[in-house]
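Student: I am new to this structure and would like a close look at a single part of it. Please take the salt bridges slowly, and explain each term as it comes up.

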Amino acid sequence: MQTNEFEFKGFKMSGFVALLIFFIYIGIAVWAAVTDTNPDVICPICILLTILTVPGFFQLEPNEAKVMVFFGKYNGTFTRNGFWWVIPFYTKKSISLRARNLNADAIKVNDRSGNPIMIGLVMVWKIKDTYKALFEIDSQTMSQGNTNKGSLMKAFENFVSVQSDAALRQVAGCYDYDDNNAQNGSVTLRSGADEINDVLTQTLNERLDIAGIEAVEARINYLAYAPEIAAVMLRRQQADAIISAREKIVEGAVSMVQMALDKLKENDVVDMDEERKAAMVSNLLVVLCGDEPASPVVNTGTLYN
């Protein structure tokens, strides 16, 4: 909404009162014509007043505004809802203050490490300063004098689309894609969603402020490696996952072997020398760490045969 500085302070009246006056003009003209009371003077005056009254009528719905321009001079923005009448010489430019969505297509950018990635965003934006929106930016639509509400909104949508693309490239270039290339503890595009979204919203507001537009919310809705490196990165991720899984398996296997040896010694099940312990550890690790089920082998002799 507009601040008091930009509110319309010119003369205005209820449209219904002005409509009543409009019909009074018509009634006087009809009365003068019927009663033949100076019709040559009264009728033209009433008709002229009637014609001048009509352009002053307008209605305003919630979350809409009229930018009032008087012979090229900005005289404020009308934001009060309802049916109104103002001096007919005002040029009234309609503009919507309602929130709008932008679902930007994914674009290819380089992250901080130089890896090509695909990233897209979705944002909610609205116009907060009608003066800046109409008079601080230029577009082909406005330059050609096409200032109806639909054309203006298309011009704003184009401006928001271009600036969102630039802001997304700027933010994506400041962070790594994931933890594989990131420094210890640093935020990445994948792990720091909330922080990245806050930075993206702030960057968008800095770029859109010149046009009087506010980014209410902005979020990354698509994030992936670019097709040319996606297969390689997938193999790397799979290798990392395998290594991590193997580390867990070995850690668990060693713990289980240690527990088995301790239990055997604690319960005095068997007294083993170091060579027998090494053989048992080897067998248990093969069973616990192997990818395939172990096939049991019955030894009818001794360990030393």
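Tutor: What follows is a walk through the salt bridges, with a short look at one helix afterwards.

This is a predicted model, in which local features need pLDDT of at least 70 and side-chain atom pairs count only at pLDDT 80 or more, while totals for chains, interfaces and linings use all residues. Residues are numbered from 1 along each chain as its sequence is written, and side-chain values use heavy atoms, with hydrogens and water left out.

Side chains of opposite charge can pair when their charged atoms come close. A salt bridge here is a side-chain nitrogen of Lys or Arg within 4 Å of a carboxyl oxygen of Asp or Glu, and by this rule the count comes to 7 salt bridges.

One of them joins the side chains of Arg100 and Glu157, with 2.5 Å from N to O. This pair links distant parts of the chain, since Arg100 belongs to strand 7 (residues 100-103) and Glu157 to helix 5 (residues 149-172), 57 residues apart. Helices (H or I, at least four residues) and strands (E, at least two) are DSSP runs, numbered from the N terminus. To describe how open each partner is, buried means under 20% relative accessible area, exposed means over 50%, and partly exposed lies in between, with a 1.4 Å probe and protein chains only. On that scale Arg100 is partly exposed, at 27%, and Glu157 is also partly exposed, at 31%.

Another salt bridge is formed by Asp176 and Arg112, whose closest N and O atoms are 3.0 Å apart. Asp176 lies in the loop between helix 5 and helix 6 (193-208), and Arg112 in the loop between strand 8 (107-110) and strand 9 (116-127), so this pair ties together parts that are 64 residues apart in sequence. Asp176 counts as buried, at 3% relative accessibility, whereas Arg112, at 42%, counts as partly exposed.

Within helix 5 there is the salt bridge between Arg169 and Asp165, with 2.9 Å between the closest N and O atoms. Both residues lie in that helix, 4 residues apart, which is about one turn of the helix. An α-helix has 3.6 residues a turn, so residues three or four places apart point the same way. Arg169 is partly exposed, with a relative accessible area of 40%, and Asp165 is partly exposed too, at 28%. Beyond these pairs, Lys128, Lys132 and Asp209 are linked in a network of salt bridges.

For the short look at a helix, turn to helix 1 (residues 15-35), which has 21 residues and reaches 30 Å from its first C-alpha to its last, close to the 30 Å expected at 1.5 Å a residue; the expected span is 1.5 Å times one less than the number of residues. Its buried residues are Gly15, Ala18, Phe22, Ala29 and Ala32. Seen down the axis of helix 1, these fall within an arc of 110°, so they line one face of the helix; the arc is that of the directions from the helix axis to the C-beta atoms. The face turned away from the buried side carries the exposed residues Phe16, Leu20, Phe23 and Val34. After helix 1 comes Asp36, whose phi is positive, near 55°.
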